[in-house]
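Trainee: Please take me through one part of this model in detail. I'd like a close look at a single helix and whatever surrounds it, starting from the aromatic rings.

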Amino acid sequence: MRLIADSGSTKVSWRAMMDDGTVKAIETVGINPVFMDDATIEKILKEKLVPEIGTDVDEVFFYGAGMVGGDISATLDRCFGKVFPGSKCETASDVLAAARALCGHKPGIACILGTGSNSCFYDGEGIAMNVKAGGFILGDEASGAYLGKQLVSDFIKGLLPEPVEREFVKRYGLDYKTIVQKVYREEMPSRFLASFSLFIADFRNHPYMVNMLKSSFDAFLRRNVAQYEWRKYPVNFVGSIAYCYKDILEKCVGALGMRMGTVLKQPIDGLVEYHKY
């Protein structure tokens with residue numbers, strides 16, 4: 001059996017690829033070896049995965065943001081080895097997950113537009129070029145956090161259109177002091193800013209939101225994708241923002257003379273196709 005994991009900050013989407021070709025979907029709480037010890041990780045695997053699929057696992061492919069480095073790989077390989085004796089674990093970043101899910105074994109441009117954003121040129125085997133994402137302060141253009149930052153910034157400066165501002169106040173009841181506290185003094189400010197994605201989606205047809213989305217997508221394409229061989233390859237996307245606003249994104253891609261490729265909400269099913277026996 002092959003086990004594929006797409007790990008986010010709060011949950012892990014798993015796909016168990018059985019020897020007979022069937023695939024089983026499972027979801028568990030997030031696993032982050034940077035903050036979790038072996039015992040915690042093994043407990044999640046034993047309590048949530050083993051009852052669903054047993055222990056006859058040959059290979060594990062574990063993808064997630066920040067899942068690079070010898071220490072992280074060694075920790076996960078050790079934990080999976082204990083729970084699934086004889087198994088081998090390959091650990092890779094969310095960028096490689098996006099590239100494999102979108103491009104398979106062929107070269108192409110792969111982009112992530114979710115809570116954060118990232119991009120790469122994939123040569124069919126690995127990441128050949130990666131324009132640094134920069135995070136929501138220095139980059140992450142068109143991500144949920146970036147869009148939330150734009151929205152909240154306009155709110156505190158009184159730049160939101162009246163109906164948008166009225167609903168924002170009604171729904172969240174935030175004042176300037178609270179916003180500053182959450183962005184500058186509490187943990188996970190990017191997650192707080194990205195939490196406004198649902199609000200943005202509710203007003204997606206308002207001219208203000210359309211303009212904000214267009215300018216954000218344009219910034220992402222110009223500052224990131226334009227550095228790859230976009231005249232030769234289509235631009236592929238994975239992530240909730242790309243999936244939700246595919247129509248607007250496609251127009252922005254076309255306006256710059258680029259070609260729109262595949263758009264996936266999440267990479268996990270594309271990874272199943274990539275890792276087929």
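**Rings first, then helix α5**

Mentor: There are 14 aromatic pairs in the structure, where a pair means Phe, Tyr or Trp rings (the six-membered ring for Trp) with centres within 6.5 Å, called stacked if the planes are under 30 degrees apart, edge-to-face over 60 and tilted otherwise. Take Phe-80 and Phe-84: their planes sit at 15° with the ring centres 6.3 Å apart, so this pair is stacked. Both ends of that pair are buried, with Phe-80 at 1% relative accessible area and Phe-84 at 0%. Buried here is under 20%, exposed is over 50% and partly exposed is in between, using a 1.4 Å probe on protein chains only.

Before we go on, this is a predicted model, so local features need pLDDT of at least 70 and side-chain atom pairs pLDDT 80 or more, while totals for chains, interfaces and linings use all residues. Numbering runs from 1 along each chain as its sequence is written, and side-chain values use heavy atoms, leaving out hydrogens and water.

Now for the cluster that leads us to your helix. Ring pairs tie together Phe-155, Phe-168, Tyr-172, Phe-192, Phe-196, Phe-199 and Phe-203. Phe-155 belongs to α5, and among the residues that α5 meets in α6 is Phe-168. Helix α5 covers residues 144–156 and helix α6 residues 162–172; helices are DSSP runs (H or I, at least four residues) and strands are E runs of at least two, numbered from the N terminus.

How do the two helices sit? Their axes come within 11 Å and cross at roughly 100°, with axes fitted to C-alpha atoms, for helices over the stretch in contact, and angles running from 0 to 180 degrees between N-to-C directions. That makes α5 and α6 roughly perpendicular, since 65 to 115 degrees earns that label, under 35 is roughly parallel, over 145 roughly antiparallel and the rest oblique. On the α5 side, Leu-151, Val-152 and Phe-155 meet Glu-165, Phe-168 and Val-169 of α6, contact being heavy atoms within 4.5 Å. By class, this contact has five nonpolar residues, no polar ones and one charged. (Ala, Val, Leu, Ile, Met, Phe, Trp, Tyr, Cys and Pro are nonpolar, Asp, Glu, Lys and Arg charged, and the others, Gly included, polar.)

Have a look at Tyr-146 too, another residue of α5. Tyr-146 is buried at 15% relative accessibility. If you skip neighbours within four places in sequence, Tyr-146 touches Gly-139, Asp-140, Glu-141, Ser-216 and Ala-219. Gly-116 is 30 residues away from Tyr-146 along the chain, yet their C-alpha atoms are 7.7 Å apart.

One of those Tyr-146 partners, Asp-140, deserves a second glance. Asp-140 sits in the loop between α4 (135–138) and α5, and its phi is positive, near 55°, even though Asp-140 isn't a glycine. It's a buried residue as well, at 9%.

If you want a second helix pair to set beside α5 and α6, try α10 (207–223) and α12 (246–255): they pack at about 50° with axes 9 Å apart, and are therefore oblique. Leu-213, Lys-214, Phe-217 and Leu-221 in α10 meet Ile-248, Leu-249, Cys-252 and Val-253 in α12. That contact counts seven nonpolar residues, no polar ones and one charged.
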